[in-house]
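Got your viewer open? Here is a short walk through this model, one selection at a time.

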Amino acid sequence: MAKVKTVANLMLVIFVIAVLAVFAAACGNSSTSTAQTASPVQETEPEITSEQTEAAEPETMVEETEPAEEPAPEEVQESGECPSSTTVSVESTNGAYADRAPISWDLIGTQAATISNSTNNTGLFIYIANFETSENLKDVALSDGQAVLQFTVNVVGEGDPVPVSLGSYNVKEWVDNYASASIRLTGGTTLSVSTADTTIGEFEITSVTDTEVCGKFNIEEKWTKMSGEFKVPIMQ
């Protein structure tokens, strides 16, 4: 009987040990599973809104620039009026003119002007030919039917040089500012308009530049009448 109890007790002990082992194993698995399934907490960066972005960006300073100054328009010196071309009308009963072959001024040829400066005085010489030439009109040889109309303009003033001023010049008298007219003909003859016999004496410079002189004239004396307007290059 005692042996049976001993066996029973031994079996009870074994059962209890088995139960405890099972319980311990269950607890371990539960703890491990919990540790494995628990997801770690991830650190998330705070969301940045567009307003925060705009605030974070430094403000760009826009410099106000003054509008560029426009260049001042160049001053243009008014040169006065010029005809489109030179036109001349000459009628003369002077024997020196009438004895030559018919002289026509319907076509105007070579023209030239020269300027001579001296202290307090300037001379302007204007030559208008009824033919074409490459020679100096002051002393070019003339053939039948050819002639050169010449004007001598005297300008008195202060300085050196004295500028050729615009305006009217006296034809009837050789005063400070005057203009004289003549016609150079063949054979070395020059027909000069007489100041004493001049009834109409109009001569005007309307424009002067570095390269050109313009004007008009209407002169009448006892034997000769001449009128027209001119646009003549200045020879340097």
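Accessible area here is what a 1.4 Å probe finds by the Shrake-Rupley method. By that reckoning, the surface of this protein comes to about 16600 Å², and carbon and sulfur atoms account for 52% of it. Keep in mind as you click around that this is a predicted model.

**The whole chain**

Start with a cartoon view. You should be able to pick out 3 helices and 10 strands. Going along the sequence, the order is α-α-β-α-β-β-β-β-β-β-β-β-β. The protein has 236 residues, and 28% of them count as buried. If you like contact maps, take the contacts between residues at least 6 apart in sequence: 57% of those join residues at least 24 apart.

**Stop 1: the disulfide**

Select Cys82 and Cys214 and show them as sticks. Their sulfur atoms sit 1.8 Å apart, forming a disulfide, and the structure holds 1 disulfide. Which parts of the chain does the pair tie together? Cys82 is in the loop between helix H2 (50–56) and S1, while Cys214 belongs to strand S9 (residues 212–220), so the link connects parts that are 132 residues apart in sequence. Look along the S-S bond and you'll find a right-handed link, with 90° about that bond.

Now switch on a surface. Are the two cysteines buried or exposed? Cys82 is partly exposed, at a relative accessible area of 34%. Cys214 is buried, with a relative accessibility of 0%.

**Stop 2: Asn94**

Next, select Asn94, in the loop that runs between strand S1 (87–92) and helix H3 (95–98). Its relative accessible area is 18%, and the cut-off for buried is under 20%, so Asn94 counts as buried. What does Asn94 touch, apart from its neighbours within four places in sequence? Show Leu191, Trp223 and Thr224 to see those contacts.

**Stop 3: the aromatic rings**

Bring up the side chains of Phe151, Phe203, Phe217 and Phe230. These four form one aromatic cluster. Across the structure, the count comes to 6 aromatic pairs.

**Stop 4: the cavity**

If your viewer can draw internal voids, try that now. How many cavities of 30 Å³ or more are there? The count comes to 1. The largest cavity has a volume of about 40 Å³. To find its walls, select Val171, Ser180, Ala181, Val193, Ser194, Thr195, Thr198 and Ile219, the residues that line this cavity.

**Stop 5: two backbone oddities**

For the last stop, hide the side chains and look at the backbone. Most residues other than glycine have a negative phi, and most peptide bonds are trans. Each of the next two selections goes against one of those habits.

Select Asp160 and Pro161 first. A cis peptide bond joins them, with omega at about 10°. Pro161 is in the loop between strand S4 (148–156) and strand S5 (167–169).

Then jump to Asn120. Its phi is near 65°, a positive value in a residue other than glycine. You'll find Asn120 in the loop between strand S2 (111–118) and strand S3 (121–129). Put the surface back on and check its cover: Asn120 is partly exposed, with a relative accessibility of 36%.

Terms used:
Residues numbered from 1 in each chain as written. Predicted model: local features only at pLDDT ≥ 70, side-chain atom pairs only at ≥ 80, totals over all residues. Heavy atoms only, no water. Helix = DSSP H or I, 4+ residues; strand = E, 2+ residues; numbered from the N terminus. Buried < 20%, exposed > 50% of the residue type's maximum accessible area, 1.4 Å probe, protein only. Contact = heavy atoms within 4.5 Å. Phe/Tyr/Trp six-rings, centres within 6.5 Å; stacked < 30°, edge-to-face > 60°. Disulfide = S-S within 2.5 Å. 1 Å grid on protein atoms, 1.4 Å probe; cavity = no way out; pocket = protein on both sides within 12 Å on 5 of 7 lines; lining within 4 Å. Points joined across faces, edges and corners; volume = space filled by probe spheres on them.
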